Amino acid sequence: MHSIVSPKKSLGQNFLRDERVVSQIADSVSLDTSCVVEIGPGEGVLTKKLAQKKVPVVAIELDDRLVSHLEKMFSSSFDVHIVSGNVLRVNISEVLSGLGYDPGRYVLVGNLPYYITSAIIRLFLESENQPQEMTIMVQKEVADRIVAKPGQMSLLSLSVQYFGFPETLFTVSKDSFSPIPKVDSSVVRISRIHRSLSLEKERLFFRVARVGFSARRKTLVNNLSTGFGLSREQIVQILLSLELPPTVRAQELTVSQWIYLSEHLSIISSN
Ligand code: SAM
């Protein structure tokens, strides 16, 4: 099947050609919501499958050529709204309220443009009106990093797992796309998205995490004592109360251990 437009590499345009994969993604989206927000609908294959589920769809597309195609394709579908714009600039709460949907109750779905995967994940997880759930196709390597367990954690996995519960649903071969990308993809679902801390504590949590992961080859104690101007002993004490050895590295901690750490660092540094 030919593409409707000549694909732009700069916009991450790798269109999904495998109908079974499209159905699998649409089937994994929770419909207990006010609407589904789709990022980068492209030629509208997933949009169409979602619309068949009788759930309202708000689809945000940057490429004007595809926006015209989508507007025609869904001109008689009352519940499909095509929004022309850059997903990183659109005010999603305003768009949803304007259309009569609850900006606090929506799910996010999309075969993401890979050049801005992390920015999109971050934007929606950190936003005031977070989605209830995200089902996204990302590069397999990124998916593996998102769902990593303690021992293999990174700033990316910690950030996502702080906000929700990610799981890889399935892997998709690069041959399922046109044009064929260099690597395989995975569909990841992040469910039960929430905030565990107040905004102020959350800011400190991420500061501690960024400093903790700053020099990967160094121990956590070294990174934190340098970053916060605290003595090694003060940090070792907190780690010991978590039953962690002074030699522990950032990638070994769980989300709750990071939360404990950031709360105790705030107590020491405010004394
Ligand atoms: N959903 C379609 C599919 O599965 O075949 C297309 C997926 S393609 C990987 C990514 C889509 O995101 C393209 O249609 C591209 O034009 C669009 N896109 C790229 N950057 C965007 C941005 N900043 N905001 C909104 N859409 C964007």
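How many residue pairs are in polar contact across the interface of domain 1 and domain 2? The rule finds 3 such pairs, with both residues at pLDDT 80 or more. A polar contact here is a pair of N or O atoms within 3.5 Å; within protein, one must be able to donate a hydrogen and the other to accept it, and residues adjacent in sequence count only if both atoms are side-chain atoms.

This is a predicted model, in which local features need pLDDT of at least 70 and side-chain atom pairs count only at pLDDT 80 or more, while totals for chains, interfaces and linings use all residues. Residues are numbered from 1 along each chain as its sequence is written, and side-chain values use heavy atoms, leaving out hydrogens and water.

Domain 1 spans 9-191 and domain 2 spans 199-270, with bounds from an automatic or database domain assignment. Their centres, taken over C-alpha atoms, are 33 Å apart. Domain 1 gives 11 residues to the contact and domain 2 gives 14, where contact means heavy atoms within 4.5 Å.

Together the two domains bury about 1100 Å², 73% of it on carbon and sulfur atoms. Buried area is the accessible area (1.4 Å probe) that two parts lose on being put together, summed over both. In domain 1, the residues that lose the most area to domain 2 are L155, L158 and Y162, which account for 48% of what that side buries. Between the domains there are 0 salt bridges (a side-chain nitrogen of Lys or Arg within 4 Å of a carboxyl oxygen of Asp or Glu). The side of domain 1 that touches domain 2 has 6 nonpolar, 5 polar and no charged residues. Ala, Val, Leu, Ile, Met, Phe, Trp, Tyr, Cys and Pro count as nonpolar, Asp, Glu, Lys and Arg as charged, and the others, Gly among them, as polar.
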